[in-house]
Structure formats: structure tokens, C-alpha cells
Amino acid sequence: MKLYCPNCGEEIPKKDKFCKYCGKPLENLESAHYNEEEIIRTVENGYAVAAILTDIITTPLFKIKQKDGQPMLNEEGIPEFEADKNGVKILNKDKMIKIINDSQDSVEKYKS
Ligand SMILES: [Zn+2]
């Protein structure tokens, strides 16, 4: 991995303590860069998070009317939502809570 002086932008050998172009100390330079392992772990975690988000996004926000385990469709073939006595759609709360809990379990696995 090439390093560049944060002060003057010149390419510098890894082990120099000072930039040979501008003289600025470079002690903290390494910590500013991820090592390869960290990058791989970050990418893997990113995929895990993406998978969890997909679960959440693809879960209908509102309860769909079901008949014999199948979603009930209206004349246009669109699923009908359950509504309360005021005609307000009912949140798919149990399902959302379950997916969020499952997601938290998945996230725990990727914490290190
Ligand atoms: Zn420099």
C-alpha cells in the first residue's frame, strides 16, 4: 500500500518518521489506513447488513388480508390490507418485531 504525506501529498516510504519533502512527522499515518483484514471484515459486515435490510424492506409494512394462508387480492390483483374499524391499515407489527429481533441476532454474530 502506498502512503502519501497528508501535508504535502508526496509519496513516502512506509517507515519514515518524517516526510522527506516537507519534514512533517508521520507517526500517526499508519493508523489512518485500514489494514487488509479490516477492509475484508468491513465488506463482509456490509453484505450482512445489506441482507438484513433486504429482509426488513421486503416485509410488508401493513398486514395483508389472508384467506387459507394466501393473500387476498382485489379485482386488480393487488393484495388487500387489513384495516381496523376506522379504516386505518393495521401495521404488520408482530412480523416487523420478529424480523428486527432476528436481525439483531444476525448483527451480534458479526460483532467482534
Ligand atoms: Zn510532506
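## A tour of the structure, stop by stop

Aspartate 55 sits in helix α1, which covers residues 36-57. Before you select this residue, take a moment for the whole chain. You are looking at a predicted model.

**The whole protein**

Colour the view by secondary structure and look for two helices and four strands. Walking along the sequence, you meet them in the pattern β-β-α-β-β-α. Now think about burial: of the 112 residues in the protein, 2% count as buried. Contacts tell another part of the story. Among those with a separation of 6 or more, 31% are between residues 24 or more positions apart.

**Stop one: aspartate 55**

Go back to helix α1 and select aspartate 55. Which residues does aspartate 55 touch, not counting those up to four places away in sequence? Show Ile99 and Ser103, and you have the answer. Try a distance next: from C-alpha to C-alpha, aspartate 55 and isoleucine 99 are 7.1 Å apart in space, although 44 residues apart in sequence. Aspartate 55 has 13 other C-beta atoms within 10 Å, so it is partly exposed.

**Stop two: cysteine 22**

Move back along the chain to the loop between β2 (11-12) and α1, where you will find cysteine 22. Is cysteine 22 buried or exposed? It counts as exposed, because it has 12 C-beta neighbours inside 10 Å and a residue with 12 or fewer falls in that class. Setting aside residues up to four places away in sequence, cysteine 22 touches Cys5, Asn7 and Cys8. Add glutamate 10 to your selection too: its C-alpha atom is separated from that of cysteine 22 by 8.8 Å, and the two residues are 12 apart along the chain.

**Stop three: phenylalanine 62**

Now select phenylalanine 62, in the loop between α1 and β3. Leaving aside neighbours within four places in sequence, phenylalanine 62 is in contact with Phe81, Lys89, Ile90, Leu91 and Asn92. Pick out phenylalanine 81 from that group: the C-alpha atoms of phenylalanine 62 and phenylalanine 81 are separated by 6.6 Å, with their positions 19 residues apart along the chain. Phenylalanine 62 counts as partly exposed because it has 14 C-beta neighbours inside 10 Å.

**Last stop: aspartate 68**

Finish at the loop between β3 (66-67) and β4 (70-71), and select aspartate 68. Aspartate 68 has 5 C-beta neighbours inside 10 Å and so counts as exposed. What is the phi of aspartate 68 near? It is near 50°, a positive value in a residue other than glycine. Here is some background for that angle: most residues other than glycine have a negative phi.

Methods
Residues numbered from 1 in each chain as written. Predicted model: local features only at pLDDT ≥ 70, side-chain atom pairs only at ≥ 80, totals over all residues. Buried ≥ 20, exposed ≤ 12 C-beta atoms within 10 Å, placed from the backbone. Contact = placed C-beta atoms within 7 Å.
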